[in-house]
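Please look at the sequence and the model below, and follow the strands and the charged side chains in turn.

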Amino acid sequence: MDPAHKGLFDRLEHFYDSVPRDAARVEEHGALVLFVRDGAGFPFYARPRPGAPAPPSLADVNAVRERQRELGLPEAFEWVHETTPEFLPVARSAGLSVLEAPLMVLDPQALPDPATLGDVP
């Protein structure tokens, strides 16, 4: 992990784990958590469990996929590769199609002054 961005990755992990909790129940399956939405709305995902003593295993992935099928949910997993890189080969070995979407970080020093955004030269 890039040490210069560790704080950012930690905040993202906290965000991705926290947001669904207000609208879902949490099911733990080994080193994974599955967020099951309470009520109507877009279904959530499964992701690595914060503080798990080991990375997610193939058995964890298979258990979650079975539960997602049982509930009629899409088989969706999301994680931050920089904090859980060992999950990528596990997900692929489970036969999942993985979309790698890089995180983009904007340098705060490159942002324009919001007070000048309305100015037209």
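In this predicted model, strand E2, which spans residues 32-37, is mostly covered, since five of its six residues are buried. On one side, E2 is joined by six bridges to strand E1 (residues 24-29), and the two strands run antiparallel. Within this pairing, Val-26 has Phe-35 of E2 as its bridge partner. Together, E1 and E2 make up a hairpin in which two residues lie between the strands, and in the turn Gly-30 has a positive phi of about 60 degrees.

Strand E2 also pairs with strand E3 (residues 46-48), again in the antiparallel sense, this time over three bridges. Here the bridge partner of Val-33 is Arg-47, a residue of E3.

Arg-47 leads from the strands to the charged side chains. Side chains of opposite charge can pair when their charged atoms come close. Arg-47 and Glu-13 meet through their side chains in a salt bridge, with an N to O distance of 2.7 Å. Because Glu-13 belongs to helix H1 (residues 6-18) while Arg-47 belongs to strand E3, this pair ties together parts that are 34 residues apart in sequence. How accessible is Glu-13 in this pair? Glu-13 has a relative accessible area of 16%, and since buried means under 20%, the residue counts as buried. Arg-47, with a relative accessible area of 1%, is buried as well.

A search of the whole structure finds 10 salt bridges, and another of them involves strand E1, where the side chains of Arg-25 and Glu-27 meet at 3.4 Å, N to O. Of these two residues, Arg-25 is partly exposed, with a relative accessible area of 36%, whereas Glu-27 is buried, at 13%. Both residues also take part in a network of salt bridges that links Arg-25, Glu-27, Arg-67 and Glu-70.

Further along the chain, Arg-92 forms a salt bridge with Glu-100, and the closest N and O atoms of the two are 2.6 Å apart. Are the residues of this pair buried or exposed? Arg-92 is partly exposed, with a relative accessible area of 42%, while Glu-100, with a relative accessible area of 51%, is exposed. By contrast, in the pair that ties helix H1 to strand E3, Glu-13 is buried and so is Arg-47.

How values were computed:
Residues are numbered from 1 along each chain as its sequence is written. This is a predicted model: local features need pLDDT of at least 70, side-chain atom pairs count only at pLDDT 80 or more; totals for chains, interfaces and linings use all residues. Side-chain values use heavy atoms; hydrogens and water are left out. Buried means under 20% relative accessible area, exposed over 50%, partly exposed in between (1.4 Å probe, protein chains only). Helices (H or I, at least four residues) and strands (E, at least two) are DSSP runs, numbered from the N terminus. Two strands pair if DSSP finds at least two bridges between them. A salt bridge is a side-chain nitrogen of Lys or Arg within 4 Å of a carboxyl oxygen of Asp or Glu.
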